[in-house]
Amino acid sequence: MRRLLAGLFGLILVGGVAAWAVTAPQPLPDDALAQGPGDATRGARIFWAGGCASCHAAKGAKGDDRLKLGGGAVLTTEFGDFQPPNISPGRDGLAGWTLAEFDNAMRRGVSPDGRHYYPAFPYTSYARMRPADIADLFAYLQSLPAVAGQPAAGKIAFPFNIRRGIGLWKRLYLDDAPVVALPAGAPQAVRDGQYLVEGPGHCSECHAPRDKFGGVDHARWLGGAPDPEGRGKVPNITPGKLRWSAAEIADYLKTGFTPEYDSVGGSMVEVQANMAQLTDADRAAIGAYLKAVPAVE
Amino acid sequence: MRMLAAILATAIILPAAATAGPIEERQAIMKGNGRDTKLGGDMLKGATPFDATTANKILANYAAAAKAFPKHFPAGSNTGDTEAAPAIWSKPAEWNAATAKFQKDTAAAMAMKPTNAADFGKAFGMVTANCKSCHEGFRIKKG
């Protein structure tokens, strides 16, 4: 009996230690970390490609107010209500952060105090970003106005409120490999577009369905999904549904008008405002990549 | 003969007018806006030559559309084959502000009476900025 109890206790202990180990935050290895100093001017491009303002600036902010990153509107999902934090350079934001801490937040979803971030912060996409772009983005964020105050924390439902569990989730879904296997001869524009869409642009976070644990379904990559905020539908933007030319896609991202002159709407309005800040070459690359991805029917 | 033509015309127009509900009415207005925006956009892109008469007609159409549009959202017309967002009825102050801005901007654009493509571009841009700002919160794309 005693041996059985000891055995059971041992099993629980081993199980607990194993669970603790597999759910532990995994920072980037030192030799993979972004090296500074970054270039703030180049970082502006990454900032708009990454859509940071859409979540971290106040809801409905226009013009220069989109650069005040005090934390934006709550993101309401089936897993809970997520509150984007202050990421301005002020003391309620990123003041005192090192580039290594920022890099671990962006590409590993780990906070400076070693906790997991919720994947409402799309680090599963940002994980594919280049270290140099992380450094440039960090430099750019430092150049923005400091905003005081930290918004109230969101409300997350059990069991998702146990952050440690995200460690397990990350083992399933956090991967920095490119998603679409492009043919060897793929044009450079398609490759550039792949980086922008799969990495900083994090398009599939809304444009692909998620499984029941909230991981993006790579088999239906960019194939459309229910609106994460519970209204309407996010469209399929693969060649299976989207018939626009690469140039028309680029033009839509620049102007907000479809080839038929229907207008951008819903959450895409914010995204398009970000995309309008990119260069024509970057928008053309996004268009080229979207024409090259596998068609989802 | 003239009588016959009149009867024919009535016969063709009346059934459509009699059966069109608010959803069809407002969709028809938006379709018209889309056609006008394509016409204007093509002129500004240089795909078609600039024509001042057409340009001013487009701006007049916008102003008329903006005036008529808000009348077609009566209570109860929020369900059915519509992309109108619930916010239209649940946030009336914001909705009224958006439609008032659309009316103000279209009236101002029409009053500019542009005679060249550059001026038309300004008037056109002022009007079409309303498309996305309004569709951001008040339209739910279903397609």
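In chain A, the loop that runs between helix 1 (2–22) and helix 2 (40–50) contains A:Ala32. The structure described here is a predicted model. A:Ala32 is exposed because 12 other C-beta atoms lie within 10 Å of its own, and a residue counts as exposed when that number is 12 or fewer. Although A:Ala32 and A:Ala100 are separated by 68 residues in sequence, their C-alpha atoms are 9.9 Å apart in space.

The chain that carries this loop is built from 12 helices and five strands. Its radius of gyration is 20 Å, close to the 19 Å that the globule rule gives for 297 residues, and chain A is therefore as compact as a globular protein of that length. The C-alpha trace of chain A spans about 75 × 45 × 40 Å along its principal axes.

Burial and contacts within the chain can be set side by side.

| Property of chain A | Value |
|---|---|
| Buried residues, as a share of the 297 residues | 41% |
| Contacts joining residues at least 24 apart, among those between residues at least 6 apart in sequence | 66% |

Turning to the partner chain, 13 residues of chain A are in contact with 12 residues of chain B. On the side of chain A that touches chain B, the residues divide into four that are nonpolar, five that are polar and four that are charged.

Methods: Residues numbered from 1 in each chain as written. Chains lettered and ligands numbered in written order. Predicted model: local features only at pLDDT ≥ 70, side-chain atom pairs only at ≥ 80, totals over all residues. Helix = DSSP H or I, 4+ residues; strand = E, 2+ residues; numbered from the N terminus. Rg over C-alpha atoms; globule rule 2.2 N^0.38 Å. Buried ≥ 20, exposed ≤ 12 C-beta atoms within 10 Å, placed from the backbone. Contact = placed C-beta atoms within 7 Å. Nonpolar A, V, L, I, M, F, W, Y, C, P; charged D, E, K, R; others polar.
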